[in-house]
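Colleague: I'm new to this one, so could you walk me through it? Let me have a look first, and then I'll start asking.

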Protein chains: 2
Amino acid sequence: MATTRTDPLTLEVVDLIGTVVARYHDEYEEVAARYGLTGAQARVLGLLSLEPTAMRRIAQKLKCEPSNVTGIIDRLEARGLVERRPDPDDRRVKIAAATEKGRDTARQLRDSLRFAREPLAELSAQERGVLRDLLKRMLGESPD
Amino acid sequence: MATTRTDPLTLEVVDLIGTVVARYHDEYEEVAARYGLTGAQARVLGLLSLEPTAMRRIAQKLKCEPSNVTGIIDRLEARGLVERRPDPDDRRVKIAAATEKGRDTARQLRDSLRFAREPLAELSAQERGVLRDLLKRMLGESPD
DNA sequence: TATTGTTATACTCTATAACTATA
DNA sequence: TATAGTTATAGAGTATAACAATA
């Protein structure tokens, strides 16, 4: 394989992306904490606010072991943000679903995440379009 | 304050940035694990490979409490990657420094982080320049 | 037999509070 | 008295292994 040269420009962009990642992550944790949630809890609640999901599938999306999901859902359920439902097709499966309160919280949380939105306001529509296209090409085609 | 409109293009870019953040984070953890390090340990080792740093300053850079740094440095020190040195100017202060083995590991680790480099190879030099400028404007002027 | 979710265990990261040795 | 680092403690996320219920 061809060695990727690391010219100064590439290194600068890599560094900028690192900064974006750090800032995004910090803000996500901070906003989650504002709602009394950990980052992992906020991510799961965000997932479930889109659609009810089986425990095992949640683990896949989080890239962690299924055993960990039990505790995260336990804590969200204890606060009335999530509930476990049986799967009518397979009695082994439990489906976690956001309650109405959970969906409310998820929406507020999403609205509070200004990071990726306010800085973008600095850019014109055309520039945002360019940024979109460049990011898309960086990320390549990898539908999850 | 003016409400930030969230037009479809902005939302798309926000989503793309979220994907970049997730992928970057996952790869960082995975590469660290390949060297038997946790993400936090790898980040600290990376810092110390650039310059020896007092415990308190490490906590500031990690945005965590100083008490946590003790354990992280303990574990890195137990593996011979880091050492504690006294500060000649203030006997309360301990300065953590990467050993030669630690600097080696940090360099290998850095070289293994292909994420932000290989995808950029998809872009021309001019496009990387555009991306750099857009990211810089997004991030604004905030020297750490 | 294989799979789903859970439990039990151990490790790391995290914040808080109390302690020590310096300043 | 204030500060740097540590220790003690508790909560949370993580992986691994073993288990019950179901397929």
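Modeller: Before you start, one cut-off: a polar contact is a pair of N or O atoms within 3.5 Å. Keep in mind too that this is a predicted model.

Colleague: Okay, then which atom of DNA strand C does a polar side-chain atom of B:T38 lie 2.4 Å from?

Modeller: B:T38 is among the residues that come nearest to DNA strand C, along with A:R56, B:S67, B:N68 and B:R75. Its polar side-chain atom is 2.4 Å from the strand's atom, and the cut-off is 3.5 Å, so the pair is a polar contact. The partner on DNA strand C is a phosphate oxygen.

Colleague: And B:S67, which kind of oxygen of DNA strand C does its polar side-chain atom lie 2.6 Å from?

Modeller: Sugar or phosphate accounts for 68% of the atoms of DNA strand C within 4 Å of the protein, and bases for the rest. A:M55 goes to the backbone of the DNA, with a backbone N or O atom 3.3 Å from a phosphate oxygen. For the side chain of B:S67, the atom at 2.6 Å is a base oxygen.

Colleague: Which helix gives the most to the surface near DNA strand C?

Modeller: The surface near DNA strand C has seven nonpolar, six polar and 10 charged residues. The one that gives the most supplies four residues. That is helix 4 of chain B.

Colleague: Now the other strand. Where does the largest share of the surface near DNA strand D come from?

Modeller: Two helices of each chain supply at least two residues: helix 2 (39-50) and helix 4 (66-78) of chain A, and helix 3 (55-62) and helix 4 (66-78) of chain B. Among the 22 residues around the strand, those that come nearest are A:T38, A:E65, A:S67, A:R75 and B:R56. The largest share is four residues, from helix 4 of chain A.

Colleague: How many of the residues of the surface near DNA strand D are charged?

Modeller: Sort the surface by class and you get seven nonpolar residues and six polar ones. The charged residues number nine.

Colleague: How far is the side chain of B:R84 from a phosphate oxygen of DNA strand D?

Modeller: Sugar or phosphate makes up 64% of the atoms of DNA strand D within 4 Å of the protein. Backbone atoms reach phosphate oxygens here: A:R91 at 3.0 Å and B:M55 at 3.2 Å. For an N or O atom in the side chain of B:R84, the distance is 2.8 Å.

Colleague: Let's leave the DNA. At roughly what angle do the axes of helix 1 of chain A and helix 2 of chain A cross?

Modeller: In chain A, A:Y28, A:E29 and A:A32 of helix 1 meet A:G39, A:A42 and A:R43 of helix 2. By class, that contact has three nonpolar residues, one polar and two charged. The two helices are roughly perpendicular to each other. Their axes come within 9 Å and cross at roughly 85 degrees.

Colleague: Last one: which residue is the bridge partner of A:V82 in strand 3 of chain A?

Modeller: Three strands of chain A make an open antiparallel sheet in the order 1-3-2. The edges are strand 1 (53-54) and strand 2 (82-86), each pairing on one side only. Strand 2 of chain A is joined to strand 3 (residues 94-98) of chain A by five bridges. In strand 3, the partner of A:V82 is A:A98.

Notes
Residues numbered from 1 in each chain as written. Chains lettered and ligands numbered in written order. Predicted model: local features only at pLDDT ≥ 70, side-chain atom pairs only at ≥ 80, totals over all residues. Heavy atoms only, no water. Near = heavy atom within 4 Å. Polar contact = N/O pair within 3.5 Å; in protein donor to acceptor, adjacent residues only side chain to side chain. Nonpolar A, V, L, I, M, F, W, Y, C, P; charged D, E, K, R; others polar. Axes fitted to C-alpha atoms, helices over the stretch in contact; angles between N-to-C directions. Parallel < 35°, antiparallel > 145°, perpendicular 65-115°, else oblique. Contact = heavy atoms within 4.5 Å. Pairing = 2+ DSSP bridges.
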